[in-house]
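Reader: I'm in my first year and still learning how to read a protein model. Could you take one part of this one and walk me through it slowly?

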Amino acid sequence: MRDLDAQIVLPLRAAGELLGFWALRDERSEESLASAEVALLRRVADRLARSIQDSKTFERIRARDRLVALG
């Protein structure tokens, strides 16, 4: 994590697929994050992953609809 300059790295997973990682660092403090903070960040990461997955799905549907419209 030192190479990423992060205090915590969370996986972004949706529908069983790993979409990426979210690397976070609080510049205000060198202290470790509290367990409540980590839990909150995990919930945010889950929502972020779902948003990314939804965006990818929307783009696939849009591309498919364009091809259908072309005939």
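Author: Happy to! Let's take the helix and work outward from its far end. This is a predicted model, and helix α1 is followed by G71, a residue whose phi is positive, near 90 degrees. Now step back from G71 into the helix itself, which covers residues 35-70.

How far apart are the end C-alpha atoms of α1? They are 53 Å apart. You can check that value yourself, because 36 residues at 1.5 Å a residue should span 52 Å, and the two values agree.

Next, put the helix in its setting. The protein chain has one helix and two strands, and from the N terminus on the order is β-β-α. Along the principal axes, the C-alpha atoms fill a box of roughly 60 × 25 × 20 Å. The radius of gyration of the protein chain is 17 Å, whereas a compact globule of 71 residues would have one near 11 Å. Of those 71 residues, 20% count as buried.

Which residues of α1 are buried? They are V38, L41, A45, A49 and Q53. What covers them includes β1 and β2, so it helps to look at the residues one by one, starting with Q53. Q53 lies in α1 and has a relative accessibility of 13%; buried means under 20%, so Q53 counts as buried. Leaving aside neighbours within four places in sequence, Q53 is in contact with A14, E17, L19 and R60.

L48 makes a good contrast. This residue is also found in α1, but L48 is partly exposed, with a relative accessible area of 33%. Again leaving aside neighbours within four places in sequence, L48 is in contact with L12 and W22. As for E27, the C-alpha atoms of L48 and E27 are 22 Å apart, with their positions 21 residues apart in sequence.

Now turn to the strands. β1 (residues 8-14) has two faces: I8, L10, L12 and A14 are on the covered one, and V9, P11 and R13 are on the uncovered one. Follow L12 from the covered face and you meet both strand β2 and the helix in its contact list. Beyond its neighbours within four places in sequence, L12 is in contact with E17, L18, L19, G20, F21, W22, A45, L48, A49 and I52.

Several of these names come back in the largest nonpolar core. That core has ten residues: I8, L10, L12, A14, L19, L24, V38, L41, A45 and A49. At least two residues of this core come from each of β1, β2 and α1.

How do the two strands sit together? β1 and β2 (residues 17-24) pair in the antiparallel sense, over seven bridges. One place to look is R13, which stands opposite L18 in β2. The hairpin has two residues between the strands, and there A15 takes a positive phi near 55 degrees. Why might you pause at that angle? Most residues other than glycine have a negative phi. A15 is not a glycine, yet its phi is positive, about 55 degrees.

Both A15 and G16 are worth finding on the screen. A15 is in the loop between β1 and β2 and is exposed, with a relative accessible area of 79%. G16 has its place in that loop too; over 50% counts as exposed, so G16, with a relative accessible area of 83%, is exposed. To get a feeling for distance along the model, compare G16 with A69: their C-alpha atoms are 32 Å apart, and the two residues are 53 apart in sequence.

One last stop is the segment before β1, where Q7 is found. The side chain of Q7 reaches the backbone nitrogen of D26 at 2.8 Å. A polar atom of the Q7 side chain also lies 3.1 Å from the backbone oxygen of E31.

Finally, here is a number for the whole chain. Take the contacts between residues at least 6 apart in sequence: 39% of them join residues at least 24 apart. With that in mind, go back to the buried residues of α1 and look again at their cover, which includes β1 and β2.

Methods
Residues are numbered from 1 along each chain as its sequence is written. This is a predicted model: local features need pLDDT of at least 70, side-chain atom pairs count only at pLDDT 80 or more; totals for chains, interfaces and linings use all residues. Side-chain values use heavy atoms; hydrogens and water are left out. Buried means under 20% relative accessible area, exposed over 50%, partly exposed in between (1.4 Å probe, protein chains only). Helices (H or I, at least four residues) and strands (E, at least two) are DSSP runs, numbered from the N terminus. Two strands pair if DSSP finds at least two bridges between them. A polar contact is a pair of N or O atoms within 3.5 Å; within protein, one must be able to donate a hydrogen and the other to accept it, and residues adjacent in sequence count only if both atoms are side-chain atoms. A nonpolar core is a set of buried Ala, Val, Leu, Ile, Met, Phe, Trp, Tyr and Cys residues joined through side-chain atoms within 4.5 Å. Contact means heavy atoms within 4.5 Å. The expected span of a helix is 1.5 Å times one less than its number of residues. The radius of gyration is taken over C-alpha atoms; the globule rule is 2.2 Å times the number of residues to the power 0.38.
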